[in-house]
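Trainee: Could we walk through this model together, one question at a time?
Mentor: Gladly, let's have a look.

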Amino acid sequence: MNVSILDDYQNVVSTLACFRKLAGHKVTVWNDHTKDIDVLAERLKDTEALVLIRERTPIRAALIERLPELKLISQRSVYPHIDLAACTSHGIVLSSSMHPGRPSYATAELTWGLIIAAMRRIPQEVTALKSGKWQSSVGIGLRGRTLGIFGYGRIGAVVAGYGKAFGMKVLVWGRETTLVKARADGYKGAASKQVFFAECDVISLHMRLVDGTRGIVSADDLGRMKRTALIANTSRAGLIAPGALEAALRAGRPGMAAVDVYEEEPVFGANHPLIGMDNVVCTPHLGYVERDGYEAQFSETFDQVVAFAKGKPINVINPEALAR
């Protein structure tokens with residue numbers, strides 16, 4: 001099969017051990033990024049199996065209609081970036097492993113790294129030291145402070161455990177089902193959303209972005225946070241109301257942020273207001289991006305390609321497409 005892999009920014013996929021699973025197939029890897037439909041249609045015109053790296057490139061009807069050879073899209077996890085109805089109507093199978101029960105430890109680890117980096121101002125101090133300065137600011141420690149977990153799912157539970165190990169008090173907010181689970185694990189649920197934002201020294205967001213969670217963190221919520229508090233977002237930018245975080249940080253409540261996700265990605269040329277703010281630590285959506293995680297992700301993704309090529313597709317999201 002003709003296999004195309006999009007958005008391999010670091011040119012790392014071909015170095016993975018699992019890449020050998022595609023032996024015998026013609027594989028083309030694209031390292032740059034584009035959302036231009038004309039460019040994508042030209043690149044993918046002969047593609048039979050398209051491998052996606054999470055949600056980096058949207059695959060909508062206007063592009064699907066111009067890919068007559070495409071038979072399979074193989075990826076991992078959720079698929080809001082894919083027009084499933086268009087795929088089905090064109091007989092294109094979507095195979096996506098949902099990896100049930102397994103948290104992204106890589107994302108949890110990055111979250112904790114960002115929290116420490118932001119609270120102790122590590123990136124700012126590294127930059128100052130390189131410019132010839134010595135101890136240019138004073139950070140804030142974590143022990144004894146309150147860590148707020150907004151959304152106690154698989155990743156949120158892991159981050160809560162890190163907070164406990166660092167001697168923090170853990171407070172949880174979210175749906176009642178998640179509060180019940182958090183209490184069963186020995187954590188306290190906040191009395192209300194308002195209390196949650198007012199009491200926490202660090203708040204970490206851990207929810208999927210769906211209609212019910214879009215903008216779930218409002219300007220009023222942020223305005224209740226302490227001037228010494230930090231909000232960390234390694235989930236999705238859309239969880240926070242548009243423009244609310246930048247405005248809140250300029251107003252001083254909260255005092256800091258750590259951000260790994262943005263409304264439009266990738267971000268080039270430092271073209272985002274948060275990147276230039278001294279009280280924000282920004283990373284380029286590194287949450288799931290580490291070698292062991294890539295091995296696991298692409299091993300499953302390539303297994304889906306191989307299974308489809310053998311006529312035995314797995315993890316099929318739209319079985320109706322098989323009939324077409």
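**Helix 4 and beyond**

Trainee: Why does the span of helix 4 agree with what it should be?
Mentor: First, this is a predicted model: local features need pLDDT of at least 70, side-chain atom pairs need 80 or more, and totals for chains, interfaces and linings use all residues. Residues are numbered from 1 along each chain as its sequence is written, and side-chain values use heavy atoms, without hydrogens and water. Helices (H or I, at least four residues) and strands (E, at least two) are DSSP runs numbered from the N terminus. Helix 4 covers residues 105-119, and 1.5 Å a residue is expected, multiplied by one less than the number of residues, so its 15 residues should span 21 Å and the end C-alpha atoms are indeed apart by 21 Å.

Trainee: Is helix 4 largely enclosed or open?
Mentor: Buried means under 20% relative accessible area, exposed over 50%, and partly exposed in between, with a 1.4 Å probe and protein chains only. Among the buried residues of helix 4 are W112 and M119. Since 11 of its 15 residues are buried, helix 4 is largely enclosed.

Trainee: Which residue in helix 8 pairs with F150?
Mentor: Rings of Phe, Tyr and Trp (its six-membered ring) pair with centres within 6.5 Å; planes under 30 degrees apart are stacked, over 60 edge-to-face, the rest tilted. F150 has an edge-to-face partner at 6.0 Å centre to centre, with 80° between the planes. F150 lies in strand 6 and its partner in helix 8, so the pair ties together parts 47 residues apart in sequence; that partner is F197.
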